[in-house]
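Reader: I'm new to reading protein models, and I'd like some help. Could you walk me through a few features, one at a time?

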Amino acid sequence: MIFTGMSEQKAQDSTGALRFLATRHGNIVVDGRTAIMGVLNVTPDSFYDGGRRLSPEKAIADGLELAAAGADIIDVGGESTRPGAAAVSEKQELDRVLPVIRGLRQALRTPISIDTYKSAVARVAVSEGADIVNDISALRFDPAMAALVAEEKVPVILMHMQGTPRTMQIKPSYGDVVSEVRDFLATQVRYALSSGIEPEKIVIDPGIGFGKTIEHNLTLMRGLPELSILGQPLLVGASRKAFIGKILNVTPDERLEGSLAVAVAAVLAGANIIRAHDVKETRRAVNIADAIRYGLRSGEEKHDG
Ligand code: 7PM
């Protein structure tokens, strides 16, 4: 693909790949620079950050910290999707996320995504200031989700998952994991379009760790260019996930370096958005990957040596 200078800021490049994700709180650049989505789980039971934010005040403070560290998006979630995690009611999920969305929205203009597959949760979250719907079911679990996203004209993240959060890690199985994930995402993009969601508002995501063995995750990382060719911005979320722990034989709190290595590999293989717990460190690592992938941006040139 040919870049004629990042200052032109056209909506699309010559290949049709999207350069921006338009939200109510501004455009998120997704080409020429990788966006970072900071994870803000407001749950008692997430595998890494669960139980850290039992009050909305603590969650809001952590969200402000993610923004200060350079997050381009803050992903607020009220239900853990780790294997076997307890399901929560719509009311409980909203009780967790709404005070946090309201508090962040008052203090910040950083785009906020709501990590939910429930349209009722997404509807209220968006009305209170969320800008993006992050649906780990890719519009499949709630038949009302596609219409809600179309009506609100918000960007949506379509993520691949085999099975459900409860069952997904019981013997995941594929013929060819890359082509199956690619074909699934292509189908869900078509469904989103047929539901009236605009093409420039659709992000795709292979769903690292969602119904995949360690080998499946590694094969998908290798196959990311096959997903990029769908022409939608590509999000990769591998931060502190189990396959990193299995390779390095470390617990979630020791997975920073592995997560940064995966983030860099993802960017060099075509990712446009990286979902991460450790925004400051991920931003720095990804800035290097961005410089390799896209070249220096004006202002970044410093003398050598
Ligand atoms: C087990 C699996 C435990 C996954 C925790 C998680 C993603 C996401 C999550 C992702 C998008 C976590 C995750 N992962 N949304 N939500 N992509 N779009 O690390 O990879 O918090 S939950």
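**Reading a predicted model, step by step**

Author: Let's begin with one residue: Ala-22 has a relative accessibility of 32%, so it counts as partly exposed. Keep in mind that this is a predicted model. Ala-22 sits in strand 1, which covers residues 20-23.

Reader: Okay, and how far is the C-alpha atom of Ala-22 from that of Glu-200?

Author: The two C-alpha atoms are 7.9 Å apart, while 178 residues separate Ala-22 and Glu-200 along the chain. You can read another pair in the same way: Glu-90 and Ala-122 are 32 residues apart in the chain, with 10.0 Å between their C-alpha atoms. Glu-90 belongs to helix 2, residues 90-107, and is partly exposed because its relative accessible area is 40%.

Reader: Now salt bridges. How many does the structure hold?

Author: A salt bridge pairs a side-chain nitrogen of Lys or Arg with a carboxyl oxygen of Asp or Glu, within 4 Å. The structure holds 17 of them. Take Arg-24 and Glu-152, whose side chains meet at 3.1 Å, N to O. That pair ties together distant parts of the chain, 128 residues apart: Arg-24 is in the loop between strand 1 and strand 2 (26-29), and Glu-152 is in helix 4 (residues 145-152).

Reader: Are Arg-24 and Glu-152 buried or exposed?

Author: Neither label fits, because "buried" needs under 20% relative accessible area and "exposed" needs over 50%. Arg-24, at 44%, counts as partly exposed. Glu-152 also counts as partly exposed, at 21%.

Reader: Which residue forms a salt bridge with Asp-75?

Author: Arg-275 does, with an N to O distance of 3.1 Å. This pair also links distant parts of the chain, since Asp-75 is in strand 4 (residues 73-77) and Arg-275 is in strand 10, 200 residues apart. Both Asp-75 and Arg-275 are buried.

Reader: What about Asp-115? Where does that residue sit, and what does its side chain meet?

Author: The side chain of Asp-115 meets Arg-275 in a salt bridge, at 3.6 Å from N to O. Asp-115 is in strand 5 (residues 112-115), 160 residues from Arg-275 in strand 10. Asp-115 counts as buried because its relative accessible area is 10%. Arg-275 has 16% relative accessibility, so the label is buried there too. Salt bridges can also join up through shared partners: Arg-33, Asp-72, Arg-283 and Asp-290 form one network that way.

Reader: Next, the empty spaces inside. How many cavities of 30 Å³ or more are there?

Author: Think of a cavity as a place where a probe fits but can't get out. The count here is three cavities of 30 Å³ or more. The largest has a volume of about 70 Å³. Its lining includes Val-236, Ser-259, Leu-260 and Thr-282, and Arg-275 from our salt bridges is there as well. Helix 9 (256-268) and strand 10 (273-276) are the elements that give two or more residues to that lining. Helix 9 gives the largest share, four residues.

Reader: And what kinds of residues line the largest cavity?

Author: By class, that lining has seven nonpolar, three polar and one charged residues. The second largest cavity, about 60 Å³ in volume, has two nonpolar, three polar and five charged residues in its lining. Among them are Arg-33, Arg-283 and Asp-290, which also belong to the salt-bridge network.

Reader: What about the outside? Which residues form a nonpolar patch on the surface?

Author: Leu-268, Ile-288 and Ile-292 do, with about 320 Å² of accessible area together. Ile-292 is in helix 10, residues 279-294. With a relative accessible area of 61%, Ile-292 is exposed.

Reader: Last one: backbone angles. What is phi for Ala-138?

Author: Phi of Ala-138 is near 55°, a positive value in a residue other than glycine. Ala-138 is in the loop between strand 6 (132-135) and helix 4, and is buried because its relative accessible area is 0%. Lys-153 isn't a glycine either, and has a positive phi of about 55°. Lys-153 lies in the loop between helix 4 and strand 7 (156-159). Its relative accessible area is 55%, so Lys-153 is exposed.

How values were computed
Residues numbered from 1 in each chain as written. Predicted model: local features only at pLDDT ≥ 70, side-chain atom pairs only at ≥ 80, totals over all residues. Heavy atoms only, no water. Patch = residues over 30% accessible without salt bridge, like charges linked within 9 Å, V, L, I, M, F, W, Y side chains within 5 Å. Areas by Shrake-Rupley, 256 points an atom, 1.4 Å probe, with all protein chains shown as cover. Buried < 20%, exposed > 50% of the residue type's maximum accessible area, 1.4 Å probe, protein only. 1 Å grid on protein atoms, 1.4 Å probe; cavity = no way out; pocket = protein on both sides within 12 Å on 5 of 7 lines; lining within 4 Å. Points joined across faces, edges and corners; volume = space filled by probe spheres on them. Nonpolar A, V, L, I, M, F, W, Y, C, P; charged D, E, K, R; others polar.
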